[in-house]
Amino acid sequence: MDKIPIQFTLNSQNKQMLVFPNDLLINLLRDELYLTGTKYGCGIGECGACTVFIDDEPILSCLTLAVSINGKEIITIEGLAKGNELHPMQIAFLKHAAVQCGFCTPGMILTAIALLRENPNPTEEEIKEYMRGNICRCTGYVQIVKAIKACAKEQNKQNQHDTIDSIVMLRRCQDD
Amino acid sequence: MQTNTKILAKKFGYLSPDTLQEALTLLDVHKKNHLKILAGGTDLLVKMKTTDLNVDYLMSIKNIKELDYLDTDKGLKIGAITTLSHIIKEKKVKTDYTALFEGIHSMAAPAIRNMGTIAGNLGNASPAADTIPPLMVLGAKVKLQSKQGERTVFVEDFTTGVGKTVMEPDELISEIIIPEISKTSSSAFLKKSRVKADLSKINCAVYLERRSNVCQDCRIAFGSVATTVIRARKTEELLKGKVINVDVIHQAAIEASQEIKPIDDIRSTADYRLAMAGIMLRDAIELAWSRAVKGKRSKKSG
């Protein structure tokens with residue numbers, strides 16, 4: 001079994017590595033690249049703790065061969081913040097105490113971000129439905145749902161502001 | 001057996017063809033070796049981690065772009081690597097192939113659906129597969145290709161046992177073909193599982209064609225009640241040409257629970273499955289029946 005060269009983007013950085021065919025993405029991230037935010041929970045696709053984005057879609061890194069990410073774009077929990085500025089979903093989770101032991105949190109946050117991209121204004125039912133593959137053993141689901149709802153509200157407000165801003169800008173331009 | 005699911009301990013060669021032709025050549029070259037086709041990996045890699053399944057080669061087909069499509073022109077044609085997420089986002093799947101939409105939607109979670117494919121679900125040939133009962137009642141076919149040529153097989157004839165199919169070692173599922181359905185027809189899928197995202201204890205799909213109060217044609221399939229997904233043909237015969245009312249549905253439910261012969265296993269018991277089969281069939285028929293009316297109305301008014 002020989003190592004195979006792969007190239008990919010990880011949190012906006014280009015990477016080149018050599019991997020064995022049976023290396024899993026989760027272990028490449030955690031053991032070789034020291035990005036330990038991605039968690040190993042069950043290893044069989046039940047818990048969602050190992051969720052990462054491949055080309056902007058949430059997938060499970062414990063069931064993804066490292067060789068298969070050649071040419072793809074990977075984003076992990078570590079890649080969400082811009083410098084010291086956290087992602088709005090991270091802020092919402094902190095604000096609503098949606099973190100207990102924290103083990104499921106990276107997967108929860110990534111899945112929640114994907115949810116709001118697909119459905120910017122989800123109902124509580126829709127949130128529960130979409131998040132069903134992410135398990136929290138502390139059972140802190142109430143706060144997690146609250147945080148996601150709040151983040152959606154915040155984002156929609158922001159979008160409204162943006163629209164109002166652009167209307168105001170447009171009017172000003174017209175006045176000029 | 002002690003299992004460590006953090007790693008994949010088995011060793012194998014990795015093949016990743018970029019074209020269908022290349023893939024078929026590789027299958028031909030390696031037909032004497034133990035080669036497994038890897039699509040989403042959500043079943044195969046779990047099996048490799050947790051059972052004694054060993055392979056010489058894994059051939060990933062995820063880079064074969066020509067197999068990533070959803071053609072809604074006449075009926076529905078689904079390429080082998082089209083993800084489950086992609087399929088349920090297509091409007092026609094929800095409106096015309098409702099049972100398939102519900103089957104996929106009931107499967108696991110978004111992350112798994114972003115990885116998994118319908119061809120993989122078929123190839124895995126689990127009797128609890130949630131796409132097989134809908135595909136069966138919708139009259140779907142599987143296109144199998146090899147270097148020697150191609151053939152199409154009804155989904156109904158495709159699986160032969162737990163994890164067993166009619167596929168030859170040098171064949172590959174390239175496409176799933178579902179025929180256009182008639183305007184007066186509708187379908188429904190129901191499943192019972194421990195929690196929503198879990199595997200089915202029992203599942204059931206119903207397809208029927210309705211003319212006012214009469215059921216003109218009907219197909220019923222049950223999963224997790226035998227070594228493969230099965231059709232309930234006697235029950236279908238009982239419903240065909242009948243005026244559908246509470247009594248007929250009740251009779252059908254009794255017939256169905258006599259027709260299937262489930263077993264006890266880790267997910268459920270034979271008794272529970274028998275008790276549920278009739279109830280699920282009743283609910284599925286009622287659901288599909290009411291949809292057939294709605295479908296007709298909306299088409300008239302539209």
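Author: A residue is buried if 20 or more other C-beta atoms, placed from the backbone, lie within 10 Å of its own, exposed if 12 or fewer do, and partly exposed in between. This is a predicted model, where local features need pLDDT of at least 70 and side-chain atom pairs pLDDT 80 or more, while totals for chains, interfaces and linings use all residues. Residues are numbered from 1 along each chain as its sequence is written, with chains lettered from A and ligands numbered from 1 in the order in which they are written.

Reader: OK, so how much of chain B counts as buried?

Author: Of its 302 residues, 48% do.

Reader: And why is chain B called as compact as a globular protein of that length?

Author: Take the radius of gyration over C-alpha atoms, and set it against the globule rule, 2.2 Å times the number of residues to the power 0.38. Chain B comes out at 20 Å, close to the 19 Å the rule gives for 302 residues, so it is as compact as a globular protein of that length.

Reader: What makes H2(A) and H3(A) oblique to each other?

Author: Their axes come within 10 Å and cross at roughly 125 degrees. Angles under 35 degrees are roughly parallel, over 145 roughly antiparallel, 65 to 115 roughly perpendicular, and the rest oblique. Therefore H2(A) and H3(A) are oblique.

Reader: Which residues of H2(A) make that contact?

Author: A:Met89, A:Gln90 and A:Phe93, meeting A:Thr105, A:Ile109, A:Ala112 and A:Ile113 of H3(A). In contact means C-beta atoms, placed from the backbone, within 7 Å.

Reader: How many residues of chain B touch chain A?

Author: 26, in contact with 26 of chain A. H6(B) gives the largest share of that side of chain B, five residues.

Note on methods:
Axes fitted to C-alpha atoms, helices over the stretch in contact; angles between N-to-C directions. Helix = DSSP H or I, 4+ residues; strand = E, 2+ residues; numbered from the N terminus. Contact = placed C-beta atoms within 7 Å.
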